[in-house]
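Colleague: Please take a close look at one part of this model, the charged pairs and the helices that carry them. Keep it brisk, and work outward from a single side chain.

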Amino acid sequence: MIKKQLSRNKGFAMMEVLMTILVLAIGALGLANLQLSAMKYNKTDELADRMRANMAGVQAGSYTMNNGYTAAVTALSALTTPACGTTTDCTSAQLATLDLVTWNTGLKANLPSGTGAVIPVSGSTFTYNIVIMWQDKILAASSTNTDSTCPGTTPVVGVRCLTVPYMP
C-alpha cells in the first residue's frame with residue numbers, strides 16, 4: 001500500500017519547482033517592463049533641474065533665451081562664464097548665466113552643432129519650453145526639410161528640435 005502511494009506522488013516536487021520558476025520569470029518580466037516604461041516617460045533635462053534649484057533666477061526671467069537656431073548659436077558665443085562660484089557666491093542672475101553656459105557647452109560638445117533655447121510659455125507664470133536644437137544629416141539632405149517644432153520665425157533647414165516643458 002505504501003508503494004502504491006509513492007508512485008502517484010512521483011514527480012510532484014519537480015512540478016512545484018517548475019511552477020515557481022514560471023511565476024518568478026513572469027514577475028521579473030513585469031519588473032523589467034515597469035523599468036522600461038519609467039525610462040521612456042522620464043522626459044526631463046539637466047537645465048530643468050538647475051532651474052528648479054535657482055527659483056529666484058527663474059522668477060527674475062534670467063533663464064530666458066528666446067532664440068531660433070541661428071540666434072541661439074550667436075547668443076551662446078556671447079555668453080561668458082561669470083567669475084563666481086569658486087571664491088564668491090553667485091547671485092541668482094549669475095547662477096542662471098553659469099547654468100546656461102554649462103548646459104549649452106554640453107549640448108555643443110555632445111550634439112552636432114548643438115545649442116538650446118529657453119522660451120517662456122505665454123499666459124503661464126514661470127513655465128518655459130526648454131528646446132534642444134542640433135543639425136540632422138538626414139533632415140539636411142533635403143533642401144526643403146525643416147522641423148516645425150523649432151522656435152523662431154524661420155526654421156533652419158536640417159535642424160531638429162526636442163522640446164521639454166519646464167514647470168516649477
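Modeller: Start with Arg50, which is partly exposed because its relative accessible area of 25% falls between the 20% and 50% cut-offs. Bear in mind that this is a predicted model.

Arg50 forms a salt bridge with Asp99, with 3.0 Å between the closest N and O atoms. This pair links distant parts of the chain: Arg50 sits in helix α3, Asp99 in helix α6, and 49 residues separate them. Asp99 has a relative accessibility of 4%, so it counts as buried. Why might such partners pair at all? Side chains of opposite charge can do so when their charged atoms come close.

The pair belongs to something wider. Glu46, Arg50 and Asp99 are linked in a network of salt bridges. Searching the whole structure gives four salt bridges.

Another one lies within α3. Asp49 bridges to Arg52, with the closest N and O atoms 3.6 Å apart. Both residues are in helix α3, three residues apart, or about one turn of the helix. Asp49 is partly exposed at 45% relative accessible area. Arg52 is partly exposed too, at 38%.

Now follow Asp99 into its own helix. Helix α6 runs over residues 92-110. Its 19 residues should span 27 Å at 1.5 Å a residue, and the end C-alpha atoms are 27 Å apart, so expectation and model agree. Asp99 has company among the buried residues of α6: Ala96, Leu100, Val101, Trp103, Asn104 and Leu107 are buried as well. What covers them? The cover includes α3 (46-53), α5 (69-78), β1 (115-120) and β2 (128-135). Helix α3, home of Arg50, is thus part of that cover.

Helix α5 deserves a look from its own side. Its buried residues are Tyr69, Ala72 and Leu76. They cover an arc of only 55 degrees around the axis, so they lie on the same side of α5. The face turned away from that buried side carries the exposed residues Ser77 and Ala78. The buried residues of α5 pack against α6, β1, β2 and β3 (159-166).

Strand β3 brings back the charged pairs. Asp136 forms a salt bridge with Arg160, the closest N and O atoms being 2.7 Å apart. Here too the pair links distant parts of the chain: Asp136 is in the loop between β2 and α7 (137-140), Arg160 is in strand β3, and the two are 24 residues apart. Asp136 is buried, because its relative accessible area is 16% and the cut-off is under 20%. Arg160, at 29%, counts as partly exposed.

One covalent link completes the tour. The whole structure has one disulfide. It joins Cys84 and Cys90, with sulfur atoms 2.0 Å apart. The torsion about the S-S bond is about 95 degrees, so this disulfide is right-handed. Cys84 is buried at 9% relative accessible area, whereas Cys90 is partly exposed at 24%.

Finally, the setting. The protein has seven helices and three strands, in the order α-α-α-α-α-α-β-β-α-β along the sequence. Of its 168 residues, 27% are buried. Among contacts with a separation of 6 or more, 55% join residues 24 or more positions apart. The protein exposes about 11,100 Å², and carbon and sulfur atoms supply 62% of that area.

Methods: Residues are numbered from 1 along each chain as its sequence is written. This is a predicted model: local features need pLDDT of at least 70, side-chain atom pairs count only at pLDDT 80 or more; totals for chains, interfaces and linings use all residues. Side-chain values use heavy atoms; hydrogens and water are left out. Helices (H or I, at least four residues) and strands (E, at least two) are DSSP runs, numbered from the N terminus. The expected span of a helix is 1.5 Å times one less than its number of residues. Buried means under 20% relative accessible area, exposed over 50%, partly exposed in between (1.4 Å probe, protein chains only). Contact means heavy atoms within 4.5 Å. The arc is that of the directions from the helix axis to the C-beta atoms. A disulfide is a pair of cysteine sulfur atoms within 2.5 Å. Accessible areas come from the Shrake-Rupley method with a 1.4 Å probe; for residues, only the protein chains shown count as cover. A salt bridge is a side-chain nitrogen of Lys or Arg within 4 Å of a carboxyl oxygen of Asp or Glu.
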